[in-house]
Amino acid sequence: MSEAASTSGPGVSVEIDDIQSGALHARPSPYVGRFFLLRIDDRHAGRAMLGRMLPATEGGLPTVNPDQGAWVTVALTFQGLRALGVPQESLDSFPPEFQQGMAARAEHLGDTGESDPAQWEKPFGTPDVHMGIVALAPDAERLQKALEHERAALQETPGVEIIWQQEVHQLPGGRTSFGFRDGISHPGIEGVGSGTNPHEAPLKAGEFILGYPDETGNLPPMPQPEVLGRNGTYLAVRKLHTKVAAWRQYLRSNSSSPEEEGLLGAKMVGRWPSGAPLTLSPDHDDEALGADPHRNNAFGYKENDDRGLKCPAGAHIRRINPRDATIVGATRLHRIIRRGTSYGPPLPEGVLEDDGADRGLIGVFIGAHLDRQFEFIKSEWVEDGNFIGFSGEKDPVAGHHDGTGTMTVPAKPVRRRLQNLPSFVVTRGGEYCFLPSLSALRWLSELKG
Amino acid sequence: MTTEQGTTQSGQPKRPGLTKGVCSEFTILANIKPGQAEAMRAAIAAVSSEENEPASRAALQEIGTLHDARHVIFDSDTRYLFASVFDGSWDTYIDDFAKTAIGANLDRIFSNAEGFPGIKDPTVKDWVAAHQASALGFATSYPDLTVQQIWKDQRANQAFQEVLDTSEFRAALDNPANAALLATPAFQKLLDQAQG
């Protein structure tokens, strides 16, 4: 029984031990991990596989320190639920965007051009993707141990096949391929745990877990029967290739000194490479601030930076989490848990030419409402700018640009406007998955017929 | 620019309503609950009155995407029409909308319509979709401008006009030191607007 099981927010007690650890467990640092996609060729085999995975699938928040444990997460696509023989009326109770799958939502999500599902790495976006398994651990040894059970379960289960896998690992210095520290911001959740921003009140549990009231005061729409839906949530999983050479070239050709180059990158990201937020350190990087978990996410925008003179309203981290800034809409209805993990080799420092290597991140976005969380954030906050008063401008880092993108960087006396932004991120694939509770995994493994 | 059937912004079934550029039209037709026309009229009057104007403007500021809205009671107090134009797709922001002052106002008015479940009810999207009547035609003079841009343009023009009213600006135009700036095509465009 985890310590957190006894905690509860005002009026809500979260059944934390029934929730897969992968939903709420912060990423360790450092980390190694592996993503698998599986195809279920036989529903009986699929159910048996889930049954065999159950003992290795942890619930709750097993340790206070995320760097200690290793854990395995099991998720299913809509096609996967169908392949397991989930009754039709139950399938029909899932939200439409989940039923359609991420590839079908491409236009709405800005996955067009080189990010078009037609260009995706197979098997992403095909009906073959049924199950996703994620294993994350602080080191290779613990990862291998965590994966032993999965390996054994697979060997005992013909009829379920691994069709894709991807190794992920922390890059040197805990940075993304673009060179910025990530994994800093994590929302607080009532009844689960506190977040990394002390200025943000914890969100209602129903924003992240099915079966509890959400920020609208309602229960999130929940797939039926109750045992299947309750304590589950949704994942949007994306393989995002990063064009690191193009990023460096853009910074270089739009700056006249290394200092300017550093500031320009920070203005686009909203943080310095160390993780220090521009709002707290507007003019230079601050390694100590970036590394301090008590300070590096402890800020809002409204009081000292509503105009964005320090951190532009269009900067990546301010778009995807506007905090208390003045925007169109209500930020608390569009929060999400983000878990980015890097794949591929880093591009050596100073290199400006593309070496052809595939590198980037596997992004996992977790929430109980795919439509007003992941999809809203991607379409309204990343692919448009009307919510911050810059209609038509996109996220300078994560947005899908065609080489004509712009970004307004507020400054005195006159704002700077970045021109001719290309895409620095390409979607290589993605899937919407349902992350069932442990009870639901058992229910699925015991389906009859 | 062509007028298009509104594309859905969520996984929900396709919504009615016409879109032009960044704007969409949104028309609701509903039956008034028997005997509730007076209550509805009072709720509309309360938010539309002169005294309520400052609060109403503040509420619109809070929304930031609503171009206009009107309420009509017709057919001998039996039916109600709500017509508006706004940026984007209505269901994208409906949960956000429910948390605002305008959301609360509409809730009071719409509660007099048959079957309205309440603006914070999770089934409200279905009620709205069922009572939405798509326009046959929709025209707007500024299809590329969102409310946010119109406000920004208005602020920029007011500031520009104030600059034109200063004698210092006239003097700066006559100052040979500024000749290079004045000669740029971009500044010429500004001066073109300055002529009146």
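**Exercise 1.** How many residue pairs are in polar contact between domain 1 of chain A and domain 2 of chain A?

*Solution.* The model is predicted, so local features need pLDDT of at least 70 and side-chain atom pairs count only at pLDDT 80 or more, while totals for chains, interfaces and linings use all residues. Residues are numbered from 1 along each chain as its sequence is written, and side-chain values use heavy atoms, with hydrogens and water left out.

Step 1. Set the bounds: an automatic or database assignment gives domain 1 (6-232 + 435-445) and domain 2 (241-429) in chain A.

Step 2. A polar contact is a pair of N or O atoms within 3.5 Å; within protein, one must be able to donate a hydrogen and the other to accept it, and residues adjacent in sequence count only if both atoms are side-chain atoms.

Step 3. The count between the two domains is 33 residue pairs, both residues at pLDDT 80 or more.

**Exercise 2.** State how many salt bridges link the domains of chain A, and give an example.

*Solution.* Step 1. The criterion is a side-chain nitrogen of Lys or Arg within 4 Å of a carboxyl oxygen of Asp or Glu.

Step 2. Between domain 1 and domain 2 of chain A the count is 7 salt bridges.

Step 3. As an example, A:Arg372 forms a salt bridge with A:Glu207, and their closest N and O atoms are 2.8 Å apart.

**Exercise 3.** Describe the extent of the contact between the domains of chain A.

*Solution.* Step 1. With contact taken as heavy atoms within 4.5 Å, 62 residues of domain 1 touch 60 residues of domain 2.

Step 2. The C-alpha centres of the two domains lie 25 Å apart.

Terms used. Chains are lettered from A and ligands numbered from 1 in the order in which they are written.
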